[in-house]
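I opened my notebook for an afternoon of looking things up in a structure. Pull up a stool and read along.

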Amino acid sequence: MSTPVSVSVRIPAKVNAQLAVGGLRPDGFHDLANVFLAVGLYDEVTVTPADSLRITASGPDAAQIPLDGTNLAARAAVALAARHGIEPDVHIHIAKDIPVAGGMAGGSADGAGALLACDALWRLNSTQDELLAICAELGSDVPFNLIGGAALGRGRGEILTPLDVRGPFHWVFAVADGGLSTPAVYRECDRLREASGSGATTADIPDPEPAPVLIEALASGDARALAAALSNDLQPAALSLRPSLAETLRAGTDAGALAALVSGSGPTCAFLAGSAEEAEKIADAVLASGTCRTTRVTTSPAPGATILPA
Ligand code: C5P
């Protein structure tokens, strides 16, 4: 068989249905019970043989994407090539549709996508476990982008157990102007815990646990039960750093959202709706409130990283 000219992979965004944050560990990370849910907004990563590694990007938010070696897609190609003693000479093109502002693992998605695409382009036939190990080196959220669906992430989020999930669940995402730094949000979470007198280390904070009602709601496809169980321990920290997000959340609640929460470390806000029609209505109302840059409507679950037909 001849070497393929290029390989394209589609990767989903995520929302955190539960983000339970344990204490600060000695290595600077936090133990999590992180219930990931893939949603139907996708980036497409295409890799093509080239003289040397380079990245391009397209899409409305393309100008905000780093096109150097810090991009997780570039780091994925370098890590995979190094493991096999080959050069990462590849042109990576990112067709970006996942909002860049943050909280939806868009950068992580591109890392997972580039990894799977390069593995196919270079005909390395890595096992999923081998790819997941490289994903975990790239970032705490990257392994989930590879598998999609729904999963519980333990450790710093990289140790995954797939979860049963039915759907569709209808979501609205409100994309803020400008991002929030994930390390800064975790630091603010620690600061708020210290300030409240509870302490912030693993010695002070109980181990984070997944909520059984949430796991059941995902498996049953019951949107109202899911709405009641959604939670995010990083939300107070995100709101502390960006108080205006409270107005965005309120706009969605006022418009009839079953639940409103910050997605991951934010600043993207997520709203669970009772139906596709409700989702459109909430998206229009949140946009009209003037409290965000744009809104997106989609459903979950969504499949993980998928190689597209040539
Ligand atoms: O793994 P990732 O590169 O996405 O993490 C970015 C930063 O977020 C880490 O350097 C750390 O400050 C914070 N983080 C954390 N605990 C986690 C995941 C991330 O403190 N479980």
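These entries follow the ligand site, some salt bridges and one asparagine.

**Entry 1: the model**

I noted at the start that this is a predicted model.

**Entry 2: the ligand**

Which residues are around the ligand? I listed Gly28, Phe29, His30, Leu32, Gly139, Ser140, Arg156, Thr182, Pro183 and Tyr186.

I then looked up polar atoms beside the ligand's oxygen atoms. A polar atom in the side chain of His30 is 2.6 Å from a ligand oxygen. For Ser140, a polar side-chain atom also comes to 2.6 Å from an oxygen atom of the ligand. Gly28 takes part through its backbone, where an N or O atom lies 3.4 Å from an oxygen of the ligand. I also checked how covered the ligand is: the protein buries 74% of the 450 Å² that the ligand exposes when taken alone.

**Entry 3: salt bridges**

How many salt bridges are there by the rule used here? The count comes to 13. As a reminder to myself, side chains of opposite charge can pair when their charged atoms come close.

I started with Asp61 and Arg293, which form a salt bridge with their closest N and O atoms 3.3 Å apart. This pair links distant parts of the chain, 232 residues apart. Asp61 sits in the loop between strand 3 (54-58) and helix 1 (72-83), while Arg293 sits in the loop between helix 10 (276-288) and strand 11 (294-300). Is Asp61 buried or exposed? Asp61 counts as buried, because its relative accessibility is 12% and the cut-off for buried is under 20%. Its partner Arg293 is partly exposed, with a relative accessible area of 30%.

Next I looked at Glu137 and Arg83, whose side chains meet in a salt bridge at 2.7 Å, N to O. Glu137 belongs to helix 3 (residues 128-138) and Arg83 to helix 1, so the pair ties together parts 54 residues apart in sequence. Glu137 is exposed at 51% relative accessible area, and Arg83 is partly exposed at 46%.

My third pair was Arg154 and Glu209, with a salt bridge of 3.7 Å from N to O. Arg154 is in strand 5 (residues 150-154), and Glu209 is in the loop between helix 5 (182-195) and helix 6 (212-220). That pair links distant parts of the chain too, 55 residues apart. Both partners are in the partly exposed class: Arg154 has a relative accessible area of 27%, and Glu209 has 47% relative accessibility.

I also jotted down a network of salt bridges that links Arg25, Asp27 and Asp31.

**Entry 4: Asn232**

Where is Asn232 found? I placed Asn232 in strand 8 (residues 231-232). Asn232 counts as buried, because its relative accessibility is 9%, and buried means under 20%.

What does the side chain of Asn232 reach? I found the backbone oxygen of Val262 at 2.8 Å. A polar atom of the Asn232 side chain also lies 2.9 Å from the backbone oxygen of Gly264. Leaving out residues up to four places away in sequence, Asn232 touches Leu19, Leu261, Val262, Ser263 and Gly264. So I wrote Val262 and Gly264 down twice, because they appear among the residues touched and their backbone oxygens lie 2.8 Å and 2.9 Å from the side chain of this buried asparagine.

Terms used. Residues numbered from 1 in each chain as written. Predicted model: local features only at pLDDT ≥ 70, side-chain atom pairs only at ≥ 80, totals over all residues. Heavy atoms only, no water. Helix = DSSP H or I, 4+ residues; strand = E, 2+ residues; numbered from the N terminus. Buried < 20%, exposed > 50% of the residue type's maximum accessible area, 1.4 Å probe, protein only. Polar contact = N/O pair within 3.5 Å; in protein donor to acceptor, adjacent residues only side chain to side chain. Contact = heavy atoms within 4.5 Å. Salt bridge = Lys/Arg side-chain N within 4 Å of Asp/Glu carboxyl O. Near = heavy atom within 4 Å. Areas by Shrake-Rupley, 256 points an atom, 1.4 Å probe, with all protein chains shown as cover.
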